[in-house]
Amino acid sequence: MMLPLLSQSAAPLLVPLPSAHLLYPSSIHRWSQRGFPNPNPNPSLGCSTLRRELRPGSTASHLCEREALTLDGGSLSVKESSLEEELWAAVRLRVRTFYEFKTESCGIEDYTRYLTEREFEALKDRIAGKRIGLKRVSCINATLPISPFLASADELCSACKFSNNGEERVVVGTLDLNQCLRLTDELTGKRPEVLGSDIMRAYLSNVCVAKELQRNGLGYALVSKSKKVAREWGISDLYVHVAVDNEAAQKLYQKSGFVYENEEPAWQARFLGRPRRFLLWADLTQNNLFQPR
């Protein structure tokens with residue numbers, strides 16, 4: 001039987017906001033207040049992360065089943081990155097995945113660029129340790145070299161490519177691993193229930209895979225790498241949120257060793273204007289969780 005999965009927490013603001021807001025600075029509300037049209041969440045995706053938008057601190061994962069290319073994993077690289085050009089490509093993939101824009105909308109290119117720049121600066125700040133409440137953040141990317149294999153994914157290559165040591169590659173999957181401090185249990189979970197447990201917990205956010213390459217094990221590879229890095233940090237308990245209706249992501253996390261811990265009340269999800277989520281937990285002290293399948 002499929003185990004359920006969810007997330008969020010209250011920030012010290014006048015109204016309760018999802019814990020995600022503790023991870024990113026939001027640009028969406030400011031643009032809305034200026035009368036700029038919000039992008040439409042992609043209804044065909046049927047799943048959510050970052051409230052189906054790159055909202056402050058995306059806290060769930062965006063992994064849906066679609067028709068995709070068949071990947072030869074020999075040239076795939078999954079690793080941490082702080083290279084600015086690669087971080088930019090990763091953010092481009094997130095905006096591309098979590099938003100659906102009407103192409104005829106006036107000024108949409110400028111708006112997309114604005115969103116990307118805001119999220120890029122926020123990601124750099126988190127990695128540099130400039131965000132209160134976060135001890136350490138790592139951006140983990142799955143990348144492929146530009147090759148004839150990706151010829152049918154020219155839009156992906158154009159949007160998410162970067163150069164490293166003279167080689168052109170494309171970010172095809174990405175996530176953030178966040179070691180949290182002073183955040184509520186709603187985001188980070190309650191385990192382990194010991195003194196100083198905050199530094200022993202980490203949280204996954206912004207999990208996404210390019211739609212052209214889904215169903216190729218990229219999500220599993222990203223999560224496996226994040227668990228390895230978290231363990232190197234001394235993390236014992238790893239958390240992630242997932243939308244209740246995102247069955248593909250639920251299957252991925254179950255395969256990766258996550259189990260249900262908690263879920264968000266329906267009234268709270270309605271109040272925050274996003275799908276209800278499950279909070280999932282993985283015990284990183286279990287060595288078998290790190291073995292590839």
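Two residues are taken to be in contact when heavy atoms lie within 4.5 Å. On this criterion, and setting aside residues up to four places away in sequence, Thr116 touches Trp88, Val91, Arg92 and Val95. The structure examined is a predicted model.

The secondary structure of the protein chain consists of eight helices and nine strands. Of the 293 residues in the protein chain, 55% are buried. Among contacts in the protein chain with a separation of 6 or more, 79% are between residues 24 or more positions apart.

Thr116 belongs to helix H3. Its relative accessible area is 1%, and because burial is assigned under 20%, Thr116 is buried. Trp88, one of the residues touched by Thr116, is 28 residues away from Thr116 in sequence, with a C-alpha to C-alpha distance of 7.8 Å. The other residues touched by Thr116 include Val91 and Val95, both of which also appear on the H2 side of the contact between helices H2 and H3.

Helix H2 covers residues 84-98 and helix H3 covers residues 108-127; the two pack at an angle of about 125°, and their axes are 9 Å apart. H2 is therefore oblique to H3. The crossing of H2 and H3 is right-handed. On the H2 side, the contact is formed by Glu84, Leu87, Trp88, Val91, Arg92, Arg94 and Val95. On the H3 side, the participants are Thr112, Arg113, Thr116, Glu117, Glu119, Phe120, Leu123, Lys124, Arg126 and Ile127. By class, the residues of the contact of H2 with H3 comprise seven nonpolar, two polar and eight charged.

Helix H3 has 20 residues, which should span 28 Å at 1.5 Å a residue; the C-alpha atoms at its ends are 28 Å apart, in agreement with that value. The buried residues of H3 are Ile108, Tyr111, Tyr114, Leu115, Thr116, Glu119, Phe120, Ala122, Leu123 and Arg126. Of these, Thr116, Glu119, Phe120, Leu123 and Arg126 are buried and are also listed in the contact with H2. Just after H3, Gly129 adopts a positive phi of about 80°.

Helix H6 (residues 218-232) contains 15 residues. From its first C-alpha to its last, H6 reaches 21 Å, close to the 21 Å expected at 1.5 Å a residue. Burial in H6 involves Leu218, Gly219, Tyr220, Leu222, Val223, Ser226, Lys227, Val229 and Ala230. These buried residues pack against strands E2 (77-81), E3 (134-145), E5 (167-180), E6 (201-209) and E7 (237-243), and against helix H7 (247-255). Gly234, which follows H6, has a positive phi near 90°.

The packing of H6 with H7 has an angle of about 45°, and the axes are 10 Å apart. This angle makes H6 oblique to H7. The crossing of H6 and H7 is right-handed. Gly219, Tyr220 and Val223 of H6 make the contact with Leu252, Tyr253 and Lys255 of H7. The contact of H6 with H7 is made up of four nonpolar, one polar and one charged residues. In H7, the buried residues are Ala248, Ala249, Gln250, Leu252 and Tyr253. Leu252 and Tyr253 are thus buried and take part in the contact with H6. Gly257, just after H7, has a positive phi of about 95°.

The loop between E6 and H6 contains Leu213 and Arg215. Leu213 has 0% relative accessibility and so counts as buried. In sequence, Leu213 and Thr70 are 143 residues apart, whereas their C-alpha atoms are 7.2 Å apart in space. Arg215 has a relative accessible area of 62% and, because this value is over 50%, is exposed. Its phi is near 70°, a positive value in a residue other than glycine.

A positive phi is also found at Asn165, where the value is about 55° although the residue is not a glycine. Asn165 is located in the loop between strand E4 (161-164) and E5. With a relative accessible area of 79%, Asn165 is exposed.

How values were computed. Residues numbered from 1 in each chain as written. Predicted model: local features only at pLDDT ≥ 70, side-chain atom pairs only at ≥ 80, totals over all residues. Heavy atoms only, no water. Axes fitted to C-alpha atoms, helices over the stretch in contact; angles between N-to-C directions. Helix = DSSP H or I, 4+ residues; strand = E, 2+ residues; numbered from the N terminus. Parallel < 35°, antiparallel > 145°, perpendicular 65-115°, else oblique. Left-handed = near helix turned anticlockwise from the far one by under 90°. Nonpolar A, V, L, I, M, F, W, Y, C, P; charged D, E, K, R; others polar. Expected span 1.5 Å × (residues − 1). Buried < 20%, exposed > 50% of the residue type's maximum accessible area, 1.4 Å probe, protein only.
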